[in-house]
Amino acid sequence: MSIQFKENKEFDLIAIGRACVDLNAVEYNRSMEETMTFKKYVGGSPANIAIGASKLGLKAGFIGKLAEDQHGRFIEQYMSGLGVDTSHMVVDQEGHKTGLAFTEIKSPEECSILMYRDEVADLYLYPSEVNEDYIKKAKVLLVSGTALAKSPSREAVLKAIHLAKKNDVKVVFELDYRGYTWASLEETSVYYSAVAEQSDIVIGTRDEFNVMENVAEGNNEATITYLFKQIPELIVIKHGVEGSFAYTKSGETFRANAYKTKVLKTFGAGDSYASAFLFSLISGKDIETALKYGSASAAIVVSKHSSSEAMPTVEEIEELIIERS
């Protein structure tokens with residue numbers, strides 16, 4: 001089974017949400033306190049997904065807000081250099097700064113992220129800065145959960161979803177839960193549920209779906225029973241090393257195993273998974289193949305130092321799938 005998208009659109013995918021700077025520890029196997037050198041990359045889940053999609057050959061665009069500083073200019077230059085359309089990345093005029101994420105790589109199992117997310121530019125995207133003519137040019141609008149955490153970004157995303165639905169653009173919701181950005185689990189659950197119910201495709205980890213449902217230990221059957229009463233036609237639930245499951249409204253279930261790899265760090269897997277999964281669907285591949293592409297892409301990125309820069313090509317993904325089959 002494959003998912004159908006509108007043809008003859010200028011963009012395959014337009015993402016909305018955060019674009020920030022990742023500062024990844026160059027020194028492995030030590031704590032943040034002991035780490036003295038970091039390497040700078042573009043980060044932020046929707047930015048990474050747009051970059052990944054572009055590297056795979058899709059035409060990707062981005063809606064977001066950048067700080068009027070060196071980091072903001074770095075993000076725009078890097079993304080546009082990789083083919084992402086940045087014409088709707090607004091430059092902040094109110095003094096807000098670029099979000100920063102410092103990463104700690106103690107071991108493949110022990111990785112942490114220290115985020116600087118107070119008063120960051122991407123959360124100050126206003127609804128008035130979301131353009132209907134731009135959104136209607138896309139096959140897919142990709143929404144990232146973190147952008148729902150604060151106003152006015154929250155309302156900008158809700159407006160974007162409304163415009164997508166109005167113009168027959170499929171909405172993909174990547175849950176991307178970052179607890180430190182939210183006031184409470186209850187608030188997260190309210191907005192995640194509202195957006196998931198309106199989306200065509202919902203992608204997240206089992207833990208993120210638990211947050212959406214505000215339960216300690218949810219199960220896939222309960223999740224899909226609830227969501228398939230609403231708009232979603234495809235739900236992807238990732239279970240880490242146990243692999244990922246895709247469920248369709250028509251009752252089909254697909255599963256892909258995680259590919260074994262030499263893990264360097266754990267972050268970046270979800271973004272690379274989403275970009276390759278969506279690339280596969282938009283390219284007309286079936287859901288089972290899309291799951292394999294997502295899993296392979298995630299395996300490649302967790303074995304590399306960066307998230308955005310490590311996003312693989314189609315050839316790299318296919319090579320890994322053949323090699324591990």
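This report describes side-chain pairings, one helix and the cysteines in a predicted model.

**Salt bridges**

The structure contains 16 salt bridges, three of which are set out below with the distance from nitrogen to oxygen and the relative accessible area of each partner.

| Pair | N to O distance | Relative accessible area |
|---|---|---|
| Asp12 and Lys139 | 3.1 Å | Asp12 13%, Lys139 11% |
| Arg117 and Asp122 | 2.8 Å | Arg117 8%, Asp122 4% |
| Lys136 and Asp133 | 3.7 Å | Lys136 36%, Asp133 47% |

The salt bridge between the side chains of Asp12 and Lys139 links distant parts of the chain, with Asp12 in strand β1 (residues 11–16) and Lys139 in strand β8 (residues 138–144), 127 residues apart. Asp12 is buried, and Lys139 is likewise counted as buried. In the pair formed by Arg117 and Asp122, Arg117 is buried and Asp122 is buried as well. The salt bridge of Lys136 with Asp133, by contrast, joins a partly exposed lysine to a partly exposed aspartate. Elsewhere, Arg18, Asp176 and Arg178 are joined into one network by salt bridges that share partners.

**Aromatic pairs**

The count of aromatic pairs comes to ten. In one of them, the ring centres of Phe11 and Tyr134 lie 5.4 Å apart with their planes at 65°, and because this angle is over 60 degrees the pair is classed as edge-to-face. Since Phe11 belongs to strand β1 and Tyr134 to helix α3 (residues 132–135), the pair ties together parts that are 123 residues apart in sequence. Phe11 is buried, at a relative accessible area of 2%, and Tyr134 is buried at 3%.

Phe102 and Tyr116 form another edge-to-face pair, with 5.7 Å from centre to centre and 70° between the planes. Here Phe102 lies in strand β6 (residues 100–105) and Tyr116 in strand β7 (residues 111–116), so the parts tied together are 14 residues apart in sequence. Tyr116 is partly exposed, with a relative accessible area of 47%. In addition, ring pairs link Phe173, Tyr177, Trp182 and Tyr192 into a cluster.

**Helix α7 and its surroundings**

Helix α7 (residues 220–227) has as its buried residues Asn220, Thr223, Ile224 and Leu227. These residues lie on the same side of α7, because they cover an arc of only 90° around the axis. As a general matter, an α-helix has 3.6 residues a turn, so residues three or four places apart point the same way. The elements that cover the buried residues of α7 include α5 (185–198), α6 (206–213), β11 (234–238) and β12 (244–248). At the start of α7, a side-chain oxygen of Asn219 comes to within 3.2 Å of the backbone nitrogen of Glu221.

Glu213 is located in helix α6, and its contacts, leaving aside neighbours within four places in sequence, are with Ser189, Arg206 and Thr223. With Arg206, the side chain of Glu213 makes a polar contact to the side chain at 3.4 Å.

**Cysteines**

The disulfide count is zero. For Cys20, the closest cysteine sulfur is that of Cys111, 17 Å away, which is too far for a bond because a disulfide requires sulfur atoms within 2.5 Å. Cys111 is correspondingly in no disulfide. Cys20 is buried, at 1% relative accessibility.

Note on methods
Residues numbered from 1 in each chain as written. Predicted model: local features only at pLDDT ≥ 70, side-chain atom pairs only at ≥ 80, totals over all residues. Heavy atoms only, no water. Helix = DSSP H or I, 4+ residues; strand = E, 2+ residues; numbered from the N terminus. Buried < 20%, exposed > 50% of the residue type's maximum accessible area, 1.4 Å probe, protein only. Arc of directions from axis to C-beta. Contact = heavy atoms within 4.5 Å. Polar contact = N/O pair within 3.5 Å; in protein donor to acceptor, adjacent residues only side chain to side chain. Phe/Tyr/Trp six-rings, centres within 6.5 Å; stacked < 30°, edge-to-face > 60°.
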